[in-house]
Amino acid sequence: MNTHKKHGFWHRFFFSLDHKDIGFQYMLTIFLMVSIGGFFAYVFRMHLAYPDMKVPLFGLVTNKDYNMLITNHGLIMMMWLALGMLLAVAGNFLIPIMIGTDDMAFPKLNKISYWFFLISVILMIASFFMKRGGFGGGWTMYPPLSVGDFGYNTPYKSFADRFFTANTFVLLAITFEFISLLMGGINFFVTTLNKRAKGMTLTRMPMTVWMINIASVLFMFSVGPLIAGAFMLLLDINVGTGFYDAYRGGDPLLWEHLFWFFGHPEVYVILLPPLGFLADIISNNSRKPLYGYRFILNLTLIAAILSMMVWAHHQFVSGIDPRAATIFSIFTIIISLPFAGIILAYIATIWKGNLRLSLPMKWALGSVTLFTLIGGFTGLYLGAAVFDIYAHNTSFVVAHFHYTLFPTVIFGSYAAFYYWFNKFTGKELNKFWGNVHFWLTFIFFNGFAFPLFLLGLAGQQRRIADYRQFEFLMQDPLPLYRKIATISAVILILSQFIFIINFFWSMKKGKKVSSENPWQSNTLEWQTSSPPPHGNFETYPVVYHGPYEYNHPDREKDFLPQNEK
Amino acid sequence: MNTNYTQGLEHEVVVPSENDYHGHPNYLKVYISLLVLFAISVVASLLHNPLIIFFVVFAVSVIKGTLVLLYFMHLKWEPLLIWILLGLALMALAFLIIGLYPDIVLTHRYVVPKG
Amino acid sequence: MNTSIKSWRNIPQARLAVWTLIAGEFVVFGGLIVMYILNRLKYESWGEMAQHTNVIAGTINTLVLLTSSYFVVKAHEAAIHKNKEKVKMWIWFTIICALLFLGIKSYEYTHEIMHGFTLPGKHLLAEGKHVETMYWSFYYTMTGLHGLHVIGGALALFFVMRHATKTGKDYHRLEAAGLYWHMVDIIWIFLFPLIYLIH
């Protein structure tokens, strides 16, 4: 049983079928992508604060460079970091072990989806080195900008000239990534439905498993039209069709609709898995049952359906039908209700709990606070067309966007990292440097994103490389705000190295975990050895309880593992 | 791959045997009705009123698709979950139609180029 | 278990996965069809272009695909009895249908390209028919994407059949691959009238 053979490097990183190994492969790939995306952010933030400076490690930023940097920063962070980390990594590591099974339903399909992901990463990186330079059409890839440097009139000489452009490569990369995530999502869904341990009914599953699954299904239904649309855009670039060319009866607005029909549900696709982590972490660290399990679940399902009816609020200034704008405004504001309910349920979980301010809990609280108080509230403003038309292309939107995504994606992922690290490596992360990392990230994230609100309200546009032609942007406190934002962003990026070093150092030389269940958690992943062997469990666990039975009045211990009678 | 650890352990999730847990309709009957419906749509396309053609042809397509789904793909015997999945797909498409309609059908951006 | 009462009971994982995939594919093709219908409602001149399609070839192709669907269910029926010879026969019939479909489709493509209805539509653009080029763009995109699915479905059927008949097990995979094939058929059921019949 469980002859835990040591596998060589090639086996572990290329051919392993074990879900934890594949999750680790995804994670390393994503670390690579994030460092590229973070570097890009550093370069254009420096350029924005000090326009004439030669940015160290990059040089002078031309306008074209700026477009390329900002586009690829957005693409990498949205598509590879957020979707990859929260669906692929979290799903691979957590789903099989949390529902008490040995592996995915289709381990080979899982492997293939990683390879597709790797291809997408290679294509994306290759796109930086094309003859015409990296892709600079905005991360939303609106045509005609994404068709070529001069739209539909770009003078391409031959098919090779069209094909070996960053535009084609980025589109192909995204298509490959979507295929990878679709295969992964089908795998998660089937695993969850068909491979649960004995006694693990649907309502005994941890919230994380629910949320990743809902997110995967939501992803699957929203991405379809965009895959068709990306195919059409590829034809527009490479064959010369005119699907989005107004001169030939096409409509650039069509792409915007297709993109946001995916793009807005995607925001919820990457919001739901962190909400799942938060449910587990907050309930565990408050030593209280999660408040309203079914309530949260129903609200999530309602939000998932509503999220497909709100997409056009990204297009209020794109010339959509104003009557439609009203409807989309209303739905956008309605969708904040289910999420308010979920956050209230989390607060009710904390209420009168026996709080443990452990590192994951700090990240979780930081996430809830920033996401609700600032990210969510400014979302209400921007959801209303009347305000959005004023603020749309300013850095107000950038700030809002970072206040929603950073607390969920980054803080949520870190909460999960600090929570599950001891499980999957059998080592402990260094607490001191963990605390330093948390406080630096928390403070300097605010230092970076908050000034952007003020800049945006003052009129700083978000897509303009050289703003010095606008005198009102050079008036006093604004340059200072830009500098605060930039310096904070640089420190924010640097402080992530603390985590990376802590992560790899602890993995190699960290303290061995003192017990299998250091957080005294109920869920199944803590009821096996750390790190879990291939196949996860010595014997399949049998589940008797829900995942959140903390402080049960009949028990001596304040927790009750799911597989304990 | 070493799969010894699965031996002697059971799942509560009892999956029915892979074969034959659903009924088998008379496939030939379904096939013939598909052909008849197909003939109807081809004949209808010879009419002159485009609106009637559209509705007849589209209705026939829907019926044909449903027949294939229900009997050839055995959807009739599948659990509620599959119906919900397909329903969600249709719902997503309905949202897409409603969202796109005002901006594509009601708006004319294309101007006939002069000369 | 021949019951039509809907319940939450579980289904074999291969079929569950293919059903999920089918639901996803419905959105992809549905999105394309939705875009086509909406543009069709907007531009009446597309009806003119639809008259240039080869309705007879399309009709034959529909018959071919409907028949292939019938062959697949017969193969599935034979797979339940693990009747190796019959499985082989019905699947080969299906694959021949797929090849026939692709052959007729490429004949149509050649014919249309010879008449100047190409993807970029330079010929039409020169005549000042800007909007009409998009009809052909949609035509080639939809039928081309569908053709890729035909190839994929036929390959899946072939490999699953070969595996099952060689090793004598995993006959249930035939049903999963068959489900995918029926989906390809359903998509064509919707594409055919939209492209060929309505003018």
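This is a short tutorial chat about reading helices, burial and a chain contact in a predicted model.

Colleague: Let's start with the contact. How many residues do chain B and chain C each bring to it?

Modeller: Chain B puts in 50 residues, and chain C puts in 44 residues. On the side of chain B that touches chain C, the elements giving two or more residues are helix H1 (27–44), helix H2 (50–72) and helix H3 (80–104). The largest share there, 15 residues, comes from H3(B).

Colleague: And what classes of residue make up that side of chain B?

Modeller: It has 38 nonpolar, 7 polar and 5 charged residues.

Colleague: Now take a residue in H2 of chain B, B:Ile52. Is B:Ile52 buried or exposed?

Modeller: The idea is to count C-beta neighbours: 12 or fewer inside 10 Å means exposed. B:Ile52 has 11, so it counts as exposed. From B:Ile52 to B:His74 is 22 residues in sequence and 32 Å in space, C-alpha to C-alpha.

Colleague: Over to chain C. What span does helix H1 have there, and what would be expected?

Modeller: You compare the end-to-end reach with 1.5 Å a residue. H1(C), residues 13–42, has 30 residues and reaches 43 Å from first C-alpha to last, close to the expected 44 Å.

Colleague: Why is H1(C) described as largely enclosed by the rest of the structure?

Modeller: Because 24 of its 30 residues are buried. For that label, a residue needs 20 or more other C-beta atoms within 10 Å of its own.

Colleague: How does H14 of chain A compare with its expected span?

Modeller: H14(A), residues 431–458, has 28 residues and reaches 41 Å, close to the 40 Å expected. Just after H14(A), A:Gly459 takes a positive phi of about 110 degrees.

Key:
Residues are numbered from 1 along each chain as its sequence is written. Chains are lettered from A and ligands numbered from 1 in the order in which they are written. This is a predicted model: local features need pLDDT of at least 70, side-chain atom pairs count only at pLDDT 80 or more; totals for chains, interfaces and linings use all residues. Two residues are in contact if their C-beta atoms, placed from the backbone, lie within 7 Å. Helices (H or I, at least four residues) and strands (E, at least two) are DSSP runs, numbered from the N terminus. Ala, Val, Leu, Ile, Met, Phe, Trp, Tyr, Cys and Pro count as nonpolar, Asp, Glu, Lys and Arg as charged, and the others, Gly among them, as polar. The expected span of a helix is 1.5 Å times one less than its number of residues.
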